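This report describes a single protein chain with a bound ligand. The sequence and the structure come before the discussion.

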Amino acid sequence: MSETAKIILEGKEYELPVIQGSEGEKAIDISNLRGLSGYITLDPGYKNTGATTSTITFLDGELGVLRHRGYSIEDLAEHCSFIEVTYLLLHGELPTAQQLAEFESKITEHTLVNEGLEGMFKAFPTGSHPMGQLSSMISALSLFYPKSLNPHRGEEAINRTVLRLLAKMPTICAMIYKKRLGHPIVYPNNRLDYVTNYLNMTFGQVSDPDYTPDPVIVRAMNKLLILHADHEQNCSASTVRVVGSSQSNLYSSISAGINALWGPLHGGANQEVLEMLELIKEDGGDVTKFINKAKDKNDPFRLMGFGHRVYKNFDPRAKIIKKAADEVLEKLGVNDPVLEIAKKLEEVALNDPYFIDRKLFPNVDFYSGIIYRALGFPTDFFTVLFALGRLPGWISQWQEMRRDKEPIARPRQIYTGEPPRAFVPMDQRK
Ligand code: ACO
């Protein structure tokens with residue numbers, strides 16, 4: 001007999017179904033509880049609430065396990081290119097060589113951005129935040145492809161939008177980087193693979209057509225993007241699904257995801273990590289002083305890049321990226337006092353009982369920020385790279401939400417405000 005949960009409310013017993021996932025994780029299905037009893041459940045921040053069933057990503061925060069479509073993140077990061085993982089997330093299976101070649105070729109048909117969009121981009125103030133520019137540009141894509149807005153137009157139309165997004169995202173990210181430097185835009189080179197093309201548009205120069213990125217950097221970039229490709233129902237993925245659940249178009253849903261990612265408690269943490277390290281350096285480099293600040297409950301300072309909502313032992317992505325960070329730093333021969341502070345901070349925090357007791361470990365943002373800095377990316381650009389990596393995950397989550405015909409997301413609340421009261425005319429208000 002299938003397992004059920006019993007709940008007693010005001011002396012009346014209700015039996016609720018228990019759902020079991022393919023990895024044995026269990027949930028009480030409360031979707032009918034309100035209809036049966038008038039009660040809702042309360043869970044601010046959804047710390048204990050499953051918003052959906054999903055076949056894309058499995059993670060176990062206690063064991064530090066992360067798998068996409070059943071494949072371990074360790075295997076994917078070691079053996080695949082980012083675009084292969086993108087295919088896997090979108091289609092559910094690893095591609096054959098032919099499928100991958102076709103997929104890459106279809107993407108290259110859409111890598112240019114419309115001149116009109118470029119005109120709009122030029123009007124953005126030079127110092128504006130790259131994430132604001134990115135979300136605006138992705139939202140603006142919807143203005144240039146009005147026929148593809150209806151999520152019910154059929155798989156072919158949706159697939160074209162998916163390819164457009166995948167193709168234009170690296171071009172737009174590189175445009176944002178070049179604008180910051182005041183350099184001319186390098187156009188996409190469709191003979192290059194996805195990641196090399198992105199690096200070429202970013203670090204290449206119009207005046208140097210022979211530029212080729214170092215293979216160590218291409219490999220590290222592929223890894224970084226793979227490690228960010230999806231992370232199940234996090235803040236930005238949930239945002240994409242929530243926005244998409246109103247049957248809003250894919251561009252607007254992804255743009256909303258980018259805005260959710262921007263925040264310092266989510267993707268914005270990688271920028272905050274480097275800003276924190278700079279702050280420690282400028283303050284004289286006393287790491288212990290800042291560890292003590294992070295431990296002080298009366299001080300709002302937090303050690304950015306430490307802790308995670310679900311990983312409570314270690315972040316498997318952090319392990320992989322730490323190795324890649326070491327490789328990149330060695331290859332580039334970087335000697336940076338800020339990175340020395342990062343190493344010291346990691347060592348002190350990992351041995352401090354406050355961090356050990358609360359299971360606070362360096363997360364993926366701690367090390368990704370270090371690599372991005374070594375590669376020469378400006379600090380406020382880091383979250384754009386996270387978004388570039390997360391794009392296939394967001395699209396897959398949106399597709400799953402749409403194909404599963406999920407209802408519009410509409411949480412409930414418990415009202416704790418004023419009871420009904422008599423209206424007070426203006427001249428009697430105090
Ligand atoms: N520095 C100092 N103390 C911390 C930190 C930190 N970075 N993170 C958590 N704590 C403490 C809290 O003060 C709390 O202590 P208490 O139990 O004595 O009150 C305890 O650890 C639990 O923290 P919560 O905030 O309840 O944990 P939660 O799971 O809600 O938060 C979060 C996770 C938001 C990631 C948090 O650890 C944090 O703010 N970290 C820094 C920001 C960061 O790196 N974010 C990136 C996340 S990874 C990603 O988006 C890819």
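The text below goes through the domains, the nonpolar core, the ligand site and a few individual residues.

The model is predicted. Its domain assignment divides the protein chain into domain 1 (4–50), domain 2 (71–263 + 381–403) and domain 3 (269–379). Domain 2 is thus written as two segments, 71–263 and 381–403. Taken over C-alpha atoms, the centres of domain 1 and domain 2 are separated by 37 Å.

The largest nonpolar core has 114 residues, and the members that touch the most others are L134, Y198, I254, L303, L345 and F377. Helix α7 (residues 155–181) supplies the largest share of this core, with 13 residues. At least three core residues come from each of domain 2 (71–263 + 381–403) and domain 3 (269–379). In soluble globular proteins, nonpolar side chains tend to be buried together.

L345 serves as an example from this core. Beyond its neighbours within four places in sequence, L345 is in contact with M276, L277, I280, V287, I291, L303, F306 and F366. Among these partners is L303, which is also listed with the core members that touch the most others.

L303 appears again at the ligand. The ligand is surrounded by 22 residues, and R302, L303, G305, F306 and R358 are the closest. F306 is another residue that L345 contacts. Polar distances from the ligand to three residues are set out in the table.

| Ligand atom | Protein partner | Distance |
|---|---|---|
| Nitrogen | L265, polar backbone atom | 3.4 Å |
| Oxygen | R309, side-chain N or O atom | 3.1 Å |
| Oxygen | N363, side-chain N or O atom | 3.0 Å |

On its own, the ligand has 920 Å² of accessible area, and the protein covers 78% of this.

Two charged side chains can be set side by side, beginning with K359. K359 lies in the loop between α16 (353–357) and α17 (364–375). Its relative accessible area is 38%, so K359 is partly exposed. Not counting residues up to four places away in sequence, K359 touches Y311, K312 and N313. K359 and N222 are 137 residues apart in sequence, and their C-alpha atoms are 29 Å apart in space.

R241 belongs to helix α10 (residues 235–245). With a relative accessible area of 6%, R241 is buried, because this value falls under the 20% cut-off. Apart from neighbours within four places in sequence, R241 is in contact with T52, T53, S54, Q233, Q397, E400, M401 and E406.

Backbone geometry is the last topic. Most residues other than glycine have a negative phi, and most peptide bonds are trans. Which value does phi of Q247 take? Phi of Q247 is near 70°, a positive value, and the residue is not a glycine. Q247 sits in the loop between α10 and α11 (250–262). The relative accessible area of Q247 is 49%, so this residue is partly exposed.

K405 likewise is not a glycine and has a positive phi, of about 50°. K405 is found in the segment after α18 (382–403). With a relative accessible area of 72%, K405 is exposed, whereas Q247 is partly exposed.

Key
Residues numbered from 1 in each chain as written. Predicted model: local features only at pLDDT ≥ 70, side-chain atom pairs only at ≥ 80, totals over all residues. Heavy atoms only, no water. Core = buried A, V, L, I, M, F, W, Y, C linked by side-chain atoms within 4.5 Å. Buried < 20%, exposed > 50% of the residue type's maximum accessible area, 1.4 Å probe, protein only. Helix = DSSP H or I, 4+ residues; strand = E, 2+ residues; numbered from the N terminus. Domains from an automatic or database assignment. Contact = heavy atoms within 4.5 Å. Near = heavy atom within 4 Å. Polar contact = N/O pair within 3.5 Å; in protein donor to acceptor, adjacent residues only side chain to side chain. Areas by Shrake-Rupley, 256 points an atom, 1.4 Å probe, with all protein chains shown as cover.
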